[in-house]
Amino acid sequence: MKNNRWVKNITVYAVMVVAALVVFYMFFSNSNSGIKEIGINEVPELARNRAKSSQVRVEVNGDNLKITDGVQSYKSRKESGSSIAELMSESGINPSNYVVIVKGASGLSSFFGVIVGFLPLILFGGLLFFMMRQAQGGTNQTFSFGKSRARMFSQNKATVTFFDVAGVPEAKEELEEVVEFLKYPERFQALGARIPRGVLLIGPPGTGKTLLARAVAGEAGVPFFSISGSEFVEMFVGVGASRVRDLFEQAKRHSPCIVFVDEIDAVGRHRGAGLGGGNDEREQTLNQILVEMDGFDTSVNVIVIAATNRPDILDPALLRPGRFDRRVTVDNPDVKGRTEILDVHAKGKPLEESADLSDIAKQTPGFTGADLANLINEGALLAARKNQTKITTDNLTEAIDRVSMGPAKKTKVISEKDRKLTAYHEAGHGLVSHFVPAGRPVAKISIVSRGHAGGFTRWEQEDQSYYSRDELEAQITAAMGGRSAEVMKCGDITTGASNDFEQATAIAREMIMRYGMSDRLTHRSFGRRQETIFLGREMSEERNYSLKTEQVIDSEIDRLLKKGEDKANEILNTHEDILDTVANFLLEHETLDHDQFRDIVEGKIPIIKEIDKNGKNKESNEGETLTNTDLQNKKPGPKPQATS
């Protein structure tokens, strides 16, 4: 459409330029520019003087005369009623000395003459008309500024159904009832039930809120209006409210239908929370949404579905019954849901027969639907890079690392000192977590640099909603294992444990201030988060406790951290040989999976005392070199979170 308009404008301008050139040629490039004008009485004298040298030629075209004597051309104009032949005869000019040619003006030439005469006026009128049309187009654009920018998808364009949505069974069940409202409203109206005005989808980014809304439209077979919350807001006051009115007018005309507003927190934030005060365009837009949602006629079947990941900053008036009657939480999927999502995204892709998606699902707790879709896509890309015909388990396992930690930095130059430090650091995490009570089993240890981390340790963990005090203390102890191993085997303190301390301190603070896991303090929460709603993020924390209590909190946090550090030192001193074996195995092979770590701990792999500069085992407790290729081909264990 935009290209056609551009071509049309170019054509109009081209025609105008050509017409202007024609007029210029007519008025300023006339072929008669070198012709002398004489009176008609001078024509016989001209014929008499030039008779000996040449014959005078007289062309008669109406009242216009064109005289040529062979040397120069003249022009004249015949008097009314006179004839050039009579004038010549009266002057005694011999007819052989001149020739008269009469050119009568035809009707067609007269018509063109009229057109040429009026051509400047026609061009001026055309130019004026074109300018008026352009001004009218600009006026139309100005008046359409307040029109809704929602995109309507008809039933034929809706290609997503509930069959394409997996991993959120409760949300699907809630929305299936909304579909029933749209398909069979009389069934509910007969029982006196009121159709919900709005459904608010709440959940983290990437969990499938927009996909669910599209599935509702596809299942119901009704028009689907889609718009983002930010598209309502403009710099001009009143535009957002006008677009809201236009959107709901369109929706009523296409009833029954669905209006989907993505990221509604862009216009639905708590009113009165602006930074500058005054008349806020966003608040006017929100007020219009409130009026429109509460002003639906009961006979109009229009349901508003909105999505947000910040329900805490929405205005209370927007959340009350009568506007958004239902709130559907779309949370991260559990292991069963992740398996279903992986199955959906793996359709049409050639997977190796041995690839077990349920095992991949166990390795990805906390992954959203978008993460899992990206995981399958990364696995396919890895297989294509290696010219494989099928996607293998190794491809998917590598894809997990890429999605969670970033691509491996294979070309990064790392000194032997840093490699050894990283190996002992990560080995310390894994070994402490294995031997501490309530610790998490090791899933994978790697000293391959990814992202900002020089290495990482991943744990096996199940989907879990609650954590005990022993489990949290075990996480603190495992986090301290990295620094403890560095000091024990490298004899120095480095910056590599900074992220570990942040995690351990955060866990200890939450245990004391949020979870009531302190014997010295009353079981209550300390501190209250203050959020700036307009900015949408946590800014500070209000202290609702005394300075004396603050000292106790700090001492309790220090106690938990010191306890974890002492426990980590104890475990590493007790199992120093295993620590050396794990670290040296990492120096030789760079990665260590669950089965290999378990075999080292259980003594199935010989103790490795030292690795030479080439990464080869110098000696073991049985004098053997570690070349167990079977262990290298074992399938890695499940993956949860990673600690660098």
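Biologist: At what angle do helix 16 and helix 19 pack?
Modeller: Helix 16 covers residues 469-490 and helix 19 residues 576-589, with helices taken as DSSP runs (H or I, at least four residues) numbered from the N terminus. Axes are lines fitted to C-alpha atoms over the stretch in contact, with angles from 0 to 180 degrees between N-to-C directions. These axes sit 12 Å apart, at about 95°.

Biologist: Is helix 16 roughly parallel or roughly perpendicular to helix 19?
Modeller: This is a predicted model, where local features need pLDDT of at least 70, side-chain atom pairs count only at pLDDT 80 or more, and totals for chains, interfaces and linings use all residues. Residues are numbered from 1 along each chain as its sequence is written, and side-chain values use heavy atoms, leaving out hydrogens and water. Angles of 65 to 115 degrees get one label, so helix 16 against helix 19 is roughly perpendicular.

Biologist: Which residues of helix 19 make the contact with helix 16?
Modeller: Contact means heavy atoms within 4.5 Å. Helix 16 brings A485, M488 and K489, and helix 19 answers with E576, L579 and D580.

Biologist: Is C257 buried or exposed?
Modeller: Buried is under 20% relative accessible area, exposed over 50%, partly exposed in between (1.4 Å probe, protein chains only). C490 has 31% relative accessibility, so C490 is partly exposed. C257 has 0%, so C257 is buried.

Biologist: How many disulfides are there in the whole structure?
Modeller: A disulfide here is a pair of cysteine sulfur atoms within 2.5 Å. Searching the whole structure turns up a count of 0.

Definitions and conventions. Helices (H or I, at least four residues) and strands (E, at least two) are DSSP runs, numbered from the N terminus. Angles under 35 degrees count as roughly parallel, over 145 as roughly antiparallel, 65 to 115 as roughly perpendicular and the rest as oblique.
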